[in-house]
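User: Could you take a close look at one part of this model with me, beginning with the ligand? I am new to structures, so please explain the terms as you go.

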Amino acid sequence: MDKIAAVVLAAGKGTRMVSDKVKVLHTVCGKPLLHYVIRSLQAVGVESIYAVVGYQSDEVEDAFKGESVFWVNHGDQRGTAHALSVTESMLNDWDGLLLVLCGDTPLLTPELLRKFIAKHKENKDTVATVLTTVLDDPNAYGRIIRDENGNVTAIVENAEADKSQKEIKEINSGAYVFNPDEVFRALKRVKPNKKNGEYYLTDVIKILASEGKQVAGYIAPAPEECLGVNTRDDLFNANKIMSGRIMNELMRKGVTIVYPANTYIETDVSIGRDTVIYPFTVINSGVVIGKNCEVGPFSHLRSGTVLADYAEVGNFTETKKTHLGRHSKAKHLSYLGDAIIGDDVNIGAGTITANYDGKKKHQTVIEDGASTGSGTILVAPVKMGKNAETGAGAVVPKGKNVPDNTTVVGIPAVPLKKGKGTKDKRR
Ligand code: UD1
Ligand code: CA
């Protein structure tokens, strides 16, 4: 029973989010909640991943195009037990273990999942293991009931818990390892909840225990990993924890983040060592930053941005799908979108690449050694050649490429006449 198939329950609307969007597509550090669950499962090395989807299932499947996930439809969502039962026809012959996770628990790490699975395998009599943790404020979660031997005998939802059960601080994370034949058999015995008609997966635990089967609990040492996102407040907490993890990892790799509490860096950002990130900087997913760069304060690097080593981006500068070469600088008040910028370029304060003509995005190319005067507007598609310059306030119209070693000024920008400020910039 070493092989593992995983089921992710992700069909619920997420009513407590008060949103038009299905819960698992809400993002934490730039990626949907479900992204993290899938990534952790891939890192654990499960054989296959089945995601149970229902509410806005087309949108969910669309967001994960190309991932190797089997999508299972859970048309009318009648609770977590009902959600798992729709995978039965695909998994009842499965001769490995079944790992069931909720799509709204993005902070579970592969390391924790591995230990949790190992706990299940410890005792061959165990038919189910619940991932639990201990919380000071357990109120949003189901409570774990154990017998005198430490076996789990039931999970009681908060709404159903009596006074003494409410005092229990050990909670259900919503992650389980099951022996498939046992769980699919027990699922058929689950009765709808009296109050809301939902079929609770948690009832399976009580059913198995009452049949004399052994159910174990594995307590996650770091409670934050078990955070379930039900509300916007939970989403905020998940963002805070995830972004802390991202920045700690970057700092371990030699990046200085001057003040992490007011810096926001999303998932899948790569930053080289000895780069310094100053406060109030936002760096979106997919950005690549080289070594010895300076970013911020108050910079926004959007996806598709690549900064080569020693590049500098400063105050109130936004970049998108832009490559900034080695030792190039854009220190103040600029928008650089869809731009390919070479080495040793100086982008003057307030330079704008006007990349959008109302219908399409166009590219700006600025070659090595060029510089733009303050307040330059480059209307794309346009190119500045090597060591070209623009004067302050120049507007370079689309297609009016500036030749190498040439200075242009004015609106529309035209080359300066010889003897009127042009200089030989050959290096
Ligand atoms: C569930 C557990 C609770 C546990 C908590 C951990 C039950 C009854 N309760 O409560 O004990 O402490 O998770 O976070 O299981 N879903 C479906 N189909 C449905 C309903 C839900 O696929 O019909 C999915 C949701 O999309 C979600 C997951 O199942 O990803 C959990 O559902 P949710 O409503 O968030 O359960 P909780 O109330 O948090
Ligand atoms: Ca939940």
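Analyst: Let's begin with the company that ligand 1 keeps. By class, its shell holds seven nonpolar, 12 polar and five charged residues (Ala, Val, Leu, Ile, Met, Phe, Trp, Tyr, Cys and Pro count as nonpolar, Asp, Glu, Lys and Arg as charged, and the others, Gly among them, as polar). This is a predicted model, in which local features need pLDDT of at least 70 and side-chain atom pairs pLDDT 80 or more, while totals for chains, interfaces and linings use all residues. Residues are numbered from 1 along each chain, chains are lettered from A and ligands numbered from 1 in the order written, and side-chain values use heavy atoms, without hydrogens and water.

In total, 24 residues surround ligand 1, where a residue counts if one of its heavy atoms lies within 4 Å. Leu9, Gly79, Thr80, Glu157 and Asn172 are the closest of them. Some polar contacts (pairs of N or O atoms within 3.5 Å) show how the ligand is held in place on paper. Asparagine 172 brings a backbone N or O atom to 2.6 Å from a ligand oxygen, and glycine 12 does so with a backbone N or O atom at 2.8 Å. Arginine 16 uses its side chain instead, with an N or O atom 3.1 Å from an oxygen of ligand 1. On its own, ligand 1 has 750 Å² of accessible area, and the protein covers 90% of it (Shrake-Rupley method, 1.4 Å probe).

Which elements give two or more residues to this shell? They are helix 3 (80–85) and strand 10 (170–178); helices (H or I, at least four residues) and strands (E, at least two) are DSSP runs numbered from the N terminus. Strand 10 gives the most, with three residues.

Now follow the strand numbers onward to a sheet. Seven strands form an open sheet in the order 14-17-20-23-26-29-32, with parallel pairing. Strand 14 (270–271) and strand 32 (382–384) are at its edges and have a single partner strand each, so each has one side without a neighbour in the sheet. Strand 14 is joined to strand 17 (residues 288–289) by two bridges, and two is also the least that DSSP must find for strands to pair. Here serine 270 stands opposite valine 288.

At the other edge, look at the loop between strand 31 (377–379) and strand 32, where proline 381 lies. The peptide bond that leads from alanine 380 to proline 381 is cis, with omega near 5°. A second cis bond runs from isoleucine 411 to proline 412, with omega near -10°, and proline 412 is in the loop between strand 35 (407–409) and strand 36 (414–415). Another backbone feature is at phenylalanine 280, with a positive phi of about 60° although it is not a glycine; this residue lies in the loop between strand 15 (276–277) and strand 16 (282–283). For background, most peptide bonds are trans, and most residues other than glycine have a negative phi.

Other strands pair in parallel too. Strand 22 (residues 317–320) has three bridges to strand 19 (residues 299–301) and three to strand 25 (residues 335–337). Threonine 319 in strand 22 is the bridge partner of leucine 301, and glutamate 318 stands opposite tyrosine 335. Strand 24 (residues 329–332) pairs in the parallel sense with strand 21 (residues 312–315) over three bridges and with strand 27 (residues 346–347) over two. Alanine 330 can be followed across: valine 313 is one bridge partner, and isoleucine 347 is another.

Technical notes
Polar contact = N/O pair within 3.5 Å; in protein donor to acceptor, adjacent residues only side chain to side chain.
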